Amino acid sequence: MFLPSATAVRSLFKQGVCFFIITCTSINLALAQQEVFTPAPNHTEQLDLLASKFQQAYLQDIAALPAENRKDLFDIYKERWENIKDKFDSKEVYTSEPAQKYLDSLVSKIVKGNPLLQNKSFHCFFSRSGIPNASYIGEGIIFFNMGLFTRLANESQAAFVLCHELSHYYLRHSENSILNYVMMMNSDAVQKQLHSIKRSEYGKRQELEKLVKGLTFNTRRHGRDHESQADSLAVEFMHNSPFDVGESLTTLALLDSVDTDTLDMAVALKNLFNAKEYPFQKKWIAKEEGLLGGHAAIHKYEELADSLKTHPDCKLRIQNLEPLVKKYGNVSYSNNIIDQSKFSSFKNTFQYEIIEYAFTSNNYTKSLQYTIELLQLHPSDPYLIAQTGKIFNSFYAAQKAHTLGKVIELPSPYFEKSYNELLQFVQNLYLDNFLSINYFFLRPYETSLSFYKEFKDNYDKCIQLRKQ
């Protein structure tokens, strides 16, 4: 049996130490050199100019309102404008020039082949919202939420989303809905029912609820008709563009499942915040079932469950659209027309932007949800780790100032299961829990992320708060 000499052992030990130092240094250098997400700056002056421009369109709209029921119409148009203005004031509109140019290029491909859309005054913007949706919000403005763009597979799916909202704009669905609603509410039949309910001595509430239910059902029916019309016209718009018409069906199928929970939040929380020195505690995610604890349960009948979706009726919409898509099925199209690499790049960037926007909008729990979801894919991402630290430091500061309720959401039967689990977790934590969880989460990265200022600032802040 060969036994190395003491000198040889010392030599091997030194080589091992050197190898360890070199390896650690290489890892730290690689981390320091990796590109870390930086939020795009908000161009406040540009947002103000855009808001001013659209306000002029709003003023022209209300000036052209008909005399009949003018006050009621004015009130609704004013409310719609206030919602639009808030989008710009809250900096929800994404002002990154490269992203806007890319979106404009998608829209121009659609417009080029569709004379119906040419010479029309509309504007498409990316919204920094994480909600998987897109919408025509009035005054020729279409919002494409980042939360939806990140779920798409190709540019043709993005084109269908745009074509659908352009159809709502072209068919004036929003404006027609406002007019129809006001006319219905001021109709002799509805006014007669309202006067009758007002004069009745008993059962006012039940009769009013019955009336409202009927009006809501009627409005919902018209809403479904509008979606069907927009789908059909969207396919026509796509057919006249170089994008793949068939992706309209895959997009609707995707929207049908976009609200489905894919993350076991309880497991994710345990994996993230289970330090040896500060183990995860079951009571942190325990749901109280008492009168004042937990959250209400609702019976999710199939119709109600579908109506609670961000995009209801998708299966029926697919069924109605299939014959038209099949009609154009033999034409040669492409999934990606503009730039597939840019599409993928923006998808990646937007996953981070929605985290940042939720936080700056003072919705810390939603920002944490998006952060945890992305950490499942990128567990060593410097921005995500630092953002987690920032959120927990902010939880602590808000709870200490008795303002936590202003920056978090409460469990609700209308939220998805995973988000409710996260909200319950935050509800169950005490003041010292926020700092301790945060400290032991950040500490393992003390050396490897020392290059990253955001991490260092939040880690140092956590340490200082624990000393107070």
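A salt bridge is a side-chain nitrogen of Lys or Arg within 4 Å of a carboxyl oxygen of Asp or Glu. The views below show a predicted model, in which local features need pLDDT of at least 70 and side-chain atom pairs count only at pLDDT 80 or more, while totals for chains, interfaces and linings use all residues. Residues are numbered from 1 along each chain as its sequence is written, and side-chain values use heavy atoms, with hydrogens and water left out.

**View 1. E139 and R80 form a salt bridge.**
The closest N and O atoms of E139 and R80 are 3.4 Å apart. E139 lies in the loop between β2 (134–138) and β3, and R80 in helix α3, so the pair ties together parts that are 59 residues apart in sequence. Helices (H or I, at least four residues) and strands (E, at least two) are DSSP runs, numbered from the N terminus. Both E139 and R80 are buried; buried means under 20% relative accessible area, exposed over 50%, and partly exposed in between (1.4 Å probe, protein chains only). A network of salt bridges links R80, E139 and E175. By this rule the count of salt bridges comes to 14.

**View 2. Strand β3 is joined to β1 and to β2.**
Two strands pair if DSSP finds at least two bridges between them. Strand β1 (residues 123–127) and strand β3 (residues 141–145) run parallel and are joined by 5 bridges. Within this pairing, F125 stands opposite F143 of β3. Strands β2 and β3 run antiparallel, with 4 bridges between them. The bridge partner of A134 in β3 is F144. In β1, 4 of the 5 residues are buried, so this strand is largely enclosed by the rest of the structure. The same holds for β2, where 4 of the 5 residues are buried. In a regular strand the side chains alternate between the two faces of the sheet.

**View 3. E139 takes a positive phi in the hairpin of β2 and β3.**
The hairpin has 2 residues between its strands, and the phi of E139 is near 55°. Most residues other than glycine have a negative phi, and most peptide bonds are trans.

**View 4. R172 and N362 are loop residues with positive phi.**
R172, a residue other than glycine, has a phi near 55°. It is found in the loop between α6 (155–170) and α7 (173–185). R172 is partly exposed, at 46% relative accessibility. For N362, also a residue other than glycine, phi is near 65°. N362 lies in the loop between α14 (340–360) and α15 (364–375). The relative accessible area of N362 is 42%, so N362 counts as partly exposed.

**View 5. Helices α4 and α6 cross at roughly 70°.**
The axes of helix α4 (residues 97–112) and α6 come within 10 Å. Axes are lines fitted to C-alpha atoms, for helices over the stretch in contact, and angles run from 0 to 180 degrees between N-to-C directions. The crossing makes α4 roughly perpendicular to α6; angles of 65 to 115 degrees count as roughly perpendicular, under 35 as roughly parallel, over 145 as roughly antiparallel and the rest as oblique. The contact is made by Y102, L103, L106, V107 and I110 of α4 and by E155, A158, A159, L162, C163 and L166 of α6, where contact means heavy atoms within 4.5 Å. By class, the contact of α4 with α6 has 10 nonpolar, no polar and 1 charged residues. Ala, Val, Leu, Ile, Met, Phe, Trp, Tyr, Cys and Pro count as nonpolar, Asp, Glu, Lys and Arg as charged, and the others, Gly among them, as polar.

**View 6. D75 and K71 form a salt bridge in helix α3.**
The closest N and O atoms of D75 and K71 are 3.1 Å apart. Being 4 residues apart in α3 (residues 70–89), D75 and K71 are separated by about one helical turn. D75 is partly exposed at 34% relative accessible area, whereas K71 is exposed at 61%.

**View 7. D460 and K456 form a salt bridge in helix α19.**
The closest N and O atoms of D460 and K456 are 3.0 Å apart. Both residues lie in α19 (residues 453–467), 4 residues apart, about one turn of the helix. D460 is partly exposed at 27% relative accessibility, and K456 is partly exposed at 41%.

**View 8. Q424 is a buried residue of helix α17.**
Helix α17 spans residues 417–428. The relative accessibility of Q424 is 7%. Q424 and L410 are 14 residues apart along the chain, and their C-alpha atoms are separated by 7.7 Å.
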